[in-house]
Amino acid sequence: MSDSQKRPEIVPNKLMDLLVNDVFSKHGIDKEKIKGKLSEEKKQMLKEMVEDLSKRVDEFVKQTNTSNNKK
């Protein structure tokens, strides 16, 4: 069994990191400079958004695995 099947959260986390880094570099944003500038409210909103996206990805993967197993 591959690592991605043992720990399905690895792939979404790596994908999320890749996408965020791509967007930051595209717009010339340095992660280190903005770390201290986010308000607690924005940090909480981002955390909730990441949790929601993670849940959605997990549900999608489960549905995909279920439909693949039926074939």
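Me: Let me pin down one term first: a helix here is a DSSP run of H or I with at least four residues, numbered from the N terminus. On that basis, how many helices and strands does the protein have?

Reply: There are 4 helices and 0 strands. Reading from the N terminus, the elements run α-α-α-α. Keep in mind that this is a predicted model.

Me: Got it. What share of the residues counts as buried?

Reply: Just 1% of the 71 residues. The cut-off for buried is under 20% relative accessible area. About 6700 Å² of the protein is exposed, and carbon and sulfur atoms supply 56% of that area.

Me: Let's do charges. How many salt bridges does the structure hold?

Reply: It holds 2. In one, arginine 56 pairs with aspartate 52, with the closest N and O atoms 3.1 Å apart. In the other, lysine 43 pairs with glutamate 40, and there the closest N and O atoms are 3.6 Å apart.

Me: Why can side chains pair like that at all?

Reply: Opposite charges on side chains can pair when their charged atoms come close.

Me: And how are arginine 56 and aspartate 52 placed along helix H4?

Reply: They are 4 residues apart in helix H4, so about one helical turn separates arginine 56 from aspartate 52. Lysine 43 and glutamate 40 also both lie in helix H4, 3 residues apart, again about one turn of the helix.

Me: Is arginine 56 buried or exposed?

Reply: Arginine 56 counts as exposed because its relative accessibility is 53%, and the cut-off for exposed is over 50%. Its partner aspartate 52 is at 35%, so aspartate 52 counts as partly exposed. In the other bridge, glutamate 40 is exposed at 60%, while lysine 43 is partly exposed at 36%.

Me: Switching to greasy stuff: which residues make the nonpolar surface patch?

Reply: Leu38, Leu46, Met49 and Leu53 make it, and it covers about 310 Å². Leucine 53 sits in helix H4, which spans residues 40-70.

Me: Why could leucine 53 be part of a patch?

Reply: Patch residues need over 30% relative accessible area. Leucine 53 has 35%, so it is partly exposed and clears that bar.

Me: Nice. Now pockets: how much space lies in the largest one?

Reply: About 450 Å³. It is lined by 14 residues, and the closest to its centre are Val20, Phe24, Leu38, Leu46 and Val50. Leu38 and Leu46 turn up in the nonpolar patch too.

Me: Which helices supply at least two residues of that lining?

Reply: Helix H2 (10-26), helix H3 (31-34) and H4 each do.

Me: How does the lining divide into nonpolar, polar and charged?

Reply: The split is 8 nonpolar, 1 polar and 5 charged.

Me: Last one: how far apart in space are asparagine 13 and serine 54?

Reply: They are 8.4 Å apart, C-alpha to C-alpha, with their positions 41 residues apart in sequence. Asparagine 13 belongs to helix H2 and is partly exposed, at 41% relative accessible area.

Technical notes
Residues are numbered from 1 along each chain as its sequence is written. This is a predicted model: local features need pLDDT of at least 70, side-chain atom pairs count only at pLDDT 80 or more; totals for chains, interfaces and linings use all residues. Side-chain values use heavy atoms; hydrogens and water are left out. Patches are made of residues with over 30% relative accessible area and no salt bridge: like charges are joined within 9 Å, nonpolar side chains (Val, Leu, Ile, Met, Phe, Trp, Tyr) within 5 Å. Accessible areas come from the Shrake-Rupley method with a 1.4 Å probe; for residues, only the protein chains shown count as cover. A salt bridge is a side-chain nitrogen of Lys or Arg within 4 Å of a carboxyl oxygen of Asp or Glu. Buried means under 20% relative accessible area, exposed over 50%, partly exposed in between (1.4 Å probe, protein chains only). On a 1 Å grid over the protein atoms alone, a cavity is a set of points where a 1.4 Å probe fits but cannot get out, and a pocket is an open set with protein on both sides within 12 Å along at least five of seven lines; lining residues have an atom within 4 Å of a point. Grid points are joined across faces, edges and corners, and a volume is the space filled by probe spheres set on the points. Ala, Val, Leu, Ile, Met, Phe, Trp, Tyr, Cys and Pro count as nonpolar, Asp, Glu, Lys and Arg as charged, and the others, Gly among them, as polar.
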